[in-house]
Each structure stands twice: as structure tokens, then as C-alpha cells.
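Hello,

Here is the structure we talked about handing over. Please have a look at it first, then read my notes below.

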Amino acid sequence: MPGLPARCPRPRDLRRGAVLTWVFLVAVGAAASTGCWDRTGAAATAGSAAVLPSVRTSAPAPQASRPAGTADREAVARAAAEAVAEGKSGKKAAQEVVSRSGDRWGAVYDQGEYAAFAEDLDGRWTGVGLWAGRGRGGRVEVERVQPGGPAARAGLRAGDRLLSVDGHAVTGLAVADVVALLRGAAGTPAVLSLSRDGADFTETLRREQLRAESVTVRELPGGITVIKVASFTRGSGERVRAAVRAAPAGARLMLDLRGNPGGLVTEAVTAASAFLDGGLVATYDVRGTQRALYAARGGDTTRPLVALVDSGTMSAAELLTGALQDRGRAVAVGTRTFGKGSVQMPTRLPDGSVAELTVGTYRTPGGRSLDGAGITPDVPADEGAEERARTVLGGLGVGP
């Protein structure tokens, strides 16, 4: 079973106290986001969580303790098995155990929902092309729309409230249930009932295969190359390395991680390798067992680098920022990041559904835990952050 992108709330949700989950984003067409899982990848087997062998530094202790506020995977699997034996929903039983555990990022998905993540990891998805969040009272609102997608062509915009999908009310529904309503084959209609400024309206959209580029590059005056990483989907780390290699000689680099909700940890480590010559990127624990992640050798360590961050910088994006900051490679500019530093891994349940459970936390090379704290930028900047970053870059000398 492949690793998945991180599941995370977005900035506007944090300001209004709402919760936005990655699985919901995926369902409606986000190329990458989510609640906040940071995965190391690898295959999961029945009753056991996946672990990436390449970053294992020691064997798991047989009786390793689990972090407080997390679900017991054996209890989750047992509840699912008992429910299946009684002819009930294993997924629902597992969800109840996860919910009672207090695991903030834990979730359970059926086979179809989980399989859908495979294409999202490639920056592809089938949907109507909108990002949505769940706010107070179970309200579901459009966060933003995919340029050129079905939702954008229909005129949907951020702030629209989603009332129903194909006649099924979404207010108060579990995230997975909303996912089931929004997912579907390309070409099939999705009838959305919405509300804008107090007026209700209906739009019939056609689901499409959509694609977004996770890494984009642009040049600014003054010899600045901006590398924007929207999320850490499969291949994004190598695209960052390619962008750094292709930057003009003597260029100053701006790594824009604003609004990046995370993704695959392995991709963030590869991205770190673009700016580091080997060495530690992060440590993390899985049920008390310590592991480490290292950058590859040969990265660009001379050109001035600024990392742009904000409250939407999450998970794997925070891991990358923390590594560059702790190792003195980049100056972080912007606002404090979200603070999601826990690790989730998948457990296959008896009925084929998958439980994503929190198994530990990660730390920066300097030993900082980001969970709940986030990263405080070296240079605070909210409005005009990019201009502030340009000023900072102007004061950094260009290496040989």
C-alpha cells in the first residue's frame, strides 16, 4: 500500500476555528493537502502499520508504547474484526474506536477511498476541481477552485457554502461520507447545491481527470529564482532539485512553501537534498523507536536561500523548513507555521478498509518538536512577505 500525502487544515480554517481535512480535499479535487498525515511510504499488512525500511534505525520494541492521544491499532483491528463477524460495518466500528481515542489525525477509509489516493500522489485526481473546508456547525464551504476545472468554469468561488451533492445533504456528514458523494468516474455529473450571500443555487458539473503541477518556477527581477512547492506529491522532491540545478549561475533562491499542506515525507527529504550536502533532515519516532531521515550528498549549499512560510505551511513542508533553518541553510520569512509534527501510518483492517493512526512525532535536526508549536520565522512578515524576502535575499552574499 503506498504512502499518502499529509492530511491538514488550511489557514482560513485556523483563523475561524474550523477543521479542514485532506481526505475531503482529495474528494473534491485537491492535488495535495490533507488533515495531517506525514507518511514515510511502504506497504501495510493486515494488523500492522507500514514502516519505511530505508529510514529504520532500530527494530521496533515488541512492547513499544504508543503516544498519548492516539488509537491502539490492535483495538481498532479487533473492533473491525468483531463487527465483520457480526455482519456489521468494520469501518464504522473502527471509526468509533479512533474517535474515542482522541487521535486528532486518525481516520478510517474504505478500499475505494484509500485507493483514490494513489492518483492524487501523482498530482492527478478525478473530481470537480474545488477545495472545501468544514467549519463550525458542520458547514462545508468552498476554500478555492482549481483554475480551468469544472467548478471554476461554472463560476464557483471561495466562500460558497456547499449544501448537498446529488441530493444528499453534506452539513454535519462525516468527512469520509462526503468523499463518497463527491468521488465518481470521469464524465459523470455531480449536482451541487450551494449558497452564496444568502441565496441558494444549483450547479451541475461533470467530474474530470484533473492535474496540477506541484512545483512551479518563475524568475523575479534582480536575479531571483522562485521555486513554489504546492505540495509534496510523488516526484515533487526531484522537481525541486531540477529547478535548483537549472537556476542561473549567481541566482538567489526563494523557496515558497506558503499554503503547502505537506505530503510524502520522502519527497520533502529529497527536496532538502537540493540545498544540503547530506546530513540530518529530521528524526522521528514510531511507538517509541527512533528513526532518522538524511539528505543525499551534492546539494547546492552556496546560493542565498529564503524559505517563505505561513500558517498554511504544514507537515512535510514544516519538516523541510525546520531542517533548512536549523542547519543554517535558509532564512525563514513569513508567519508562524501550522505546527503538525506527528506521523501517521496505515493499518489494513479485516474488511479491507484502512485505518490511518498516529504512531509518533518528528523533530528537526536541532531537536525541536514542531507538533503544536510550528516554526517561528527568522524574519516575521505577513502582508508583503515576498517583498520582504527579496530584501533579505539582497542582503545575503552570493557564494563562490
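**Glu213 and its surroundings**

Glu213 is partly exposed, with a relative accessible area of 44%. Keep in mind that this is a predicted model. Where does Glu213 lie? Glu213 sits in the loop between β9 (208-211) and β10 (215-220). Ser231 is 18 residues away from Glu213 along the chain, and the C-alpha atoms of the two are separated by 9.1 Å.

The side chain of Glu213 also has a partner. A polar contact of 3.0 Å joins it to the side chain of Arg239. The pair counts as a salt bridge too, with the closest N and O atoms 3.0 Å apart. Arg239 belongs to helix α8 (residues 236-246), while Glu213 is in the β9-β10 loop, so the pair ties together parts that are 26 residues apart in sequence. Is Arg239 buried or partly exposed? At 32% relative accessibility, Arg239 counts as partly exposed.

**Other salt bridges**

In general, side chains of opposite charge can pair when their charged atoms come close. How many salt bridges does a search of the whole structure find? The search finds 18. Two further examples follow.

One is the bridge between Glu238 and Arg241, at 3.8 Å from N to O. Both residues are in helix α8. They are 3 residues apart there, so about one helical turn separates them. Glu238 is partly exposed, and its relative accessible area is 38%.

Another joins Arg258 to Asp256. Their closest N and O atoms are 2.9 Å apart. The two partners differ in cover: Arg258 is partly exposed at 23% relative accessible area, whereas Asp256 is buried at 4%. The cut-off for buried is under 20%, so Arg258 falls outside it at 23%. Which residues are joined with this pair into one network? Salt bridges that share partners link Arg218, Lys228 and Glu386 with Asp256 and Arg258.

**The aromatic pair**

A search of the whole structure finds 1 aromatic pair. Its members are Trp105 and Phe338. The ring centres are 6.2 Å apart and the planes are at 65°, so the pair is edge-to-face. The cut-off for that label is over 60 degrees.

Where are the two rings in the chain? Trp105 lies in the loop between α4 (90-101) and β1 (107-109). Phe338 lies in the loop between β16 (331-334) and β17. The pair therefore ties together parts that are 233 residues apart in sequence. Both residues are buried: Trp105 has a relative accessible area of 6%, and Phe338 comes in at 12%.

**The β17-β18 hairpin**

The loop that holds Phe338 leads us to β17. Strand β17 covers residues 342-348 and is mostly covered, with 6 of its 7 residues buried. How does β17 pair with strand β18 (residues 354-363)? The two strands run in the antiparallel sense, paired over 7 bridges. Take Val343 as an example: its bridge partner in β18 is Gly360.

β17 and β18 form a hairpin, with 5 residues between them. Look at Gly352 in the turn. Gly352 has a positive phi of about 95°.

**Where to start**

I would open the view at Glu213 and Arg239, the pair with the 3.0 Å salt bridge. Then go to Trp105 and Phe338, the edge-to-face rings. Finish at the β17-β18 hairpin and its turn.

Best wishes

Technical notes. Residues numbered from 1 in each chain as written. Predicted model: local features only at pLDDT ≥ 70, side-chain atom pairs only at ≥ 80, totals over all residues. Heavy atoms only, no water. Buried < 20%, exposed > 50% of the residue type's maximum accessible area, 1.4 Å probe, protein only. Helix = DSSP H or I, 4+ residues; strand = E, 2+ residues; numbered from the N terminus. Pairing = 2+ DSSP bridges. Phe/Tyr/Trp six-rings, centres within 6.5 Å; stacked < 30°, edge-to-face > 60°. Polar contact = N/O pair within 3.5 Å; in protein donor to acceptor, adjacent residues only side chain to side chain. Salt bridge = Lys/Arg side-chain N within 4 Å of Asp/Glu carboxyl O.
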